[in-house]
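Hi,

Here is the structure I promised to pass on. Have a look at it first, and my notes on what turned up are underneath.

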Amino acid sequence: MYPTLSTTLRPDPALTGHERRVRPDPSRRARRATGLGLLLPVALAACGTTATGADPGEATTRVDGGTIVYAHDQEPPCLYGGWVQQAYLSRQVLDSLVSQAEDGEIVPWLATAWTVSEDQLTWTFTLAEGVTFTDGTALDAAAVSRNLEYWLEEGGNSTVAAYLARYYADSRAIDPVTLEITLTEPYAPLLPALSQAYFGIQSPASLERPDEEICEAPIGSGPFVVEGWDRGDAVHFTRNPDYDWAPENALHQGPAYVDGIEWRFVHDPVARFGALGTGEAHVVYDVPTPQWEVAEARFDVQQYITPGRPVALGLNTVEGPFADRLVRQAFAFGTDREAAVTSAFHGVIPYEGNGSISQSTPGYNAEAADDYPYDLDRAVALLEEAGWTEVDAEGVRTREGERLEVSIVYGAGSIITAEGTTVLQNIQDQAKAAGFAVTLVPATREELFSGKYSGPETYDAKPGYWTSPTAGVLHITFRQHLEDSPNFSNSSFYNDPELEEIIVEANSTLDPTEQDRLYGQAQQIISDQAASIGLYTQTTSIAVGPELRDVWLEDSQGEPVFHDAHFVE
Amino acid sequence: MSAPTTLPTERPDQASPGGGTGEAPRGPEPSGTPRRTSPRAVLTRLVSRVLGAALVLLGAATVVFAVQTLLPGDRATLLLNLQTGEAIERTPEELAPINARFGFDDPVLVQYGSYVGGLLRGDLGTSFQQHEPVTQVIGGQILPTVQLALGALVLAWVLSLITVLATAGRRRWIAGLGSGLEAVAASLPHYWLGVILLVVLAVQAGWFPVMGGTDLAATVLPVLTLAIPLAGFLGQATRDELDRVLEQPFVLSARTRGMGDAAVRVRHALRHAVVPAVTLSGWALGSLLSGAVIAESVFSRPGLGQVLVTAVDSRDLPVVGGVVIFVALVYVVANLLVDLAYTVIDPRRRP
């Protein structure tokens, strides 16, 4: 069986036999391999793995019930928190006020309507009626207000704080279904921010419980309930039978079709993908790029290009060789990052030339992404201009006897995957031509997160990313780091009052066109300064087996949504 | 990993392991001094063993404490960053509640004192990350790891004995095949072997589940992953001895009495030949626990190994300490058992 068109093996929405919206829109978020590249891997698939038999397009009848086995990678320490690994899990049990649909449109969820005052300082949300938490208590405005207090005043979620601390003033319940949030300054990205799972609403009674209980089983109003957590193995979710308040962009209202989810933690990519082939898992996370085309031929593969900051090299603008803008620019010109990325990820994950905002983010500046094409001559000229004129016996440039040595510290296995490490190794090799001696320093998760490599004296460059549905993330990643308002997320240590002013102005601009222009301007400044050099987009992918339909990746951060999922026969 | 042949010499507490083992029986203990067997001597020996074991455990706990506490980087920052997925510096205001909660601000000696004090009271502490008592964190995960380690040890013994008995002291090419197999097995890295077994027997052939679990079917491949290299080590150690023993006069005399080859090997020669492998087993049980870290990860199997990796990643001192103390305890107990085993195998060592 050698299909000539990859589309013949994909589930056809027209054949599924019931009303559904097609998602995700492949043209926007998903990039699929096309053309000749497909033929060889399909041949490998035919001889390399056991056949699944059924064409995914054949089965059409929805079967209610059943438990979805989902194989995920990392197991976080708690099911609720400010890390995307926690958002994956808490998204299953918590609902947010709003949901982000495709193309950045914000649609109702727990909030059915909202208005903002003329001065943009007062937001009023009307809440859906009849919503109950799974502990039986009712969701009302006071409950939401209690969550805001928990996140921002009790340190309940520091990622929420990263977005809102500067802007949040107060919140109160005007009546049971009307919530008012007041801000200190206008903040236009409020709605996209609220659509993320970090902002999932928990039952106030749940929040009164000790930390360890919130950690093990957050209680919300979502389509599923945490039934139990076998650490090191799986989290078990069961269906919330009363659920009737899915976001507007869901495919159906009412309780989930399936009985529950068995959320397994399978760290080994070979085992994870293998489990889908043998039918032990129905959905697997993070399709290995070497197997990408095999996966596309046999399964429903969905890719989500995360908006926010892409995986980019933050260059240390205050200490070491990169303190000189010319040297930073020389490094950008002197490395063929596009080739490095394409080869490391087998062409599956896109190169991102923009160092501050990824291509799937509203307000992305596409021109800034082309500022530094591979140009060895320009790199050399810039280094000469910066005084690095001599070349020693090993081909490394020197200035007054000092060698042009730079260290790249990267979170191996935590921030940077094995394939991402290959990108860095490629860059290390490429940079030799211009005369850079690059040292790669792998940091364990423990070293990285304990702050060993946080200060400007500890690295010359450090790759990082920040998933966010809005270009307003620039306020987190490039706000100035000042004595009285420190910003350690600015990994380039790049302090620029003008840049901060533009970002703040953009955050306070409601008109999307004007806002995009300002965000674009901010990205251009960062690019001109070469403070952060783009590598690739942070990307989520899942593969869904042929017996399951309508699993989708939500749009603010790419978490899998199982509320609409159902088995077919 | 150390070469197996060097291992016995790394155990100075072992009373002359080679002493009476490979040699032909020469009647009474050759050393000459008569062994004292008074109850008092036994008691003294027992007390000193227990004290020694306690010191070993305290040493292990101290090393863990030192490593976890004195490494560069800040523990409160680490815990906060792990909650948010960011690797950034934190302000003192953000860190203050965490420092207060876990006492990270106290002088190191005070922290050490309270940690060891807790241990002496039998209190392993509460996990920094999971907010649960360590006994609970570890207790829930011990069984699958113990099953894995013991299963691997037993299987390794079976595999090595079969190979050695079938091939040692045979024609050159058969013996060569046996020792060649052992050398290859002993040099297989756990990770590589595990992935190969996973791909071939689980993903391709579909004989075993790909995603682990702790039932019997899911236990087979992780046990094989740990048992095959260990069988190589044990086989090598046993084979050298067996080759030597088979050339001893008492073997010849047994044969001249008309005893069959299999009986000579199993009933006479084997008893002498297994002593080095028994010595190795004490070490092996401990090393199986560390090998379990990899096997559990490859086969997505819950267990102590995964607990340890997560805890080290988050510098969760109570949990790391708990696992290390448990493993140290296993070493201590295993070596006591090995000593006991000598006396079973070699009656001359009985008091």
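Start with β7(A) and strand β8 (residues 178–183) of chain A: the two run antiparallel to each other and are joined by six bridges. If you want a spot to zoom in on, find A:S171, which sits opposite A:I181 in β8(A). Before you go further, bear in mind that this is a predicted model.

That pair belongs to an open sheet of four strands in chain A, ordered β5-β6-β8-β7, with antiparallel pairing. At the edges are β5 (111–116) and β7 (168–175) of chain A, each of which has a pairing partner on one side only. Going from one strand to the next, the twist averages 20°. Helix α3 (residues 141–153) of chain A packs on this sheet, where it touches β6 (122–127), β7 and β8 of chain A, and its direction makes about 165° with that of β7(A).

I spent some time on that helix. α3(A) is 13 residues long and covers 18 Å from its first C-alpha to its last, close to the 18 Å expected at 1.5 Å a residue. Which of its residues are buried? In α3(A) they are A:A141, A:A143, A:V144, A:R146, A:N147, A:L148 and A:W151. As a general reminder, an α-helix has 3.6 residues a turn, so residues three or four places apart point the same way. The cover over the buried residues of α3(A) includes β6, α4 (158–164), β7, β8 and α6 (204–207) of chain A. Just after α3(A) comes A:G155, with a positive phi of about 65°.

Zooming out, chain A has 17 helices and 26 strands. Of its 569 residues, 55% count as buried. Among the contacts in chain A with a separation of 6 or more, 72% are between residues 24 or more positions apart.

Chain A is divided into three parts: domain 1 (30–70 + 227–237 + 250–301 + 544–569), domain 2 (74–222) and domain 3 (307–468 + 530–537). How far apart are the C-alpha centres of domain 1 and domain 3 of chain A? They lie 35 Å apart. Where these two domains of chain A meet, six residues of domain 1 are in contact with eight residues of domain 3. The domain 1 side of that meeting has three nonpolar, two polar and one charged residues.

I also looked at A:E500, which lies in helix α16 (residues 497–507) of chain A. A:E500 counts as partly exposed because it has 19 C-beta neighbours inside 10 Å, while a buried residue needs 20 or more. Leaving aside neighbours within four places in sequence, A:E500 is in contact with A:R479 and A:Q480. Its C-alpha is separated by 30 Å from that of A:R172, and the two residues are 328 apart along the chain.

Finally, the interface between the chains: 45 residues of chain B are in contact with 45 residues of chain A. On the chain B side, α2 (75–84), α5 (134–167), α7 (190–204), α11 (275–298) and α12 (304–313) each supply at least two residues. The largest share of that side comes from α2(B), with eight residues. By class, the side of chain B that touches chain A has 19 nonpolar, 19 polar and seven charged residues.

Cheers

Conventions: Residues numbered from 1 in each chain as written. Chains lettered and ligands numbered in written order. Predicted model: local features only at pLDDT ≥ 70, side-chain atom pairs only at ≥ 80, totals over all residues. Pairing = 2+ DSSP bridges. Axes fitted to C-alpha atoms, helices over the stretch in contact; angles between N-to-C directions. Contact = placed C-beta atoms within 7 Å. Domains from an automatic or database assignment. Nonpolar A, V, L, I, M, F, W, Y, C, P; charged D, E, K, R; others polar. Expected span 1.5 Å × (residues − 1). Buried ≥ 20, exposed ≤ 12 C-beta atoms within 10 Å, placed from the backbone.
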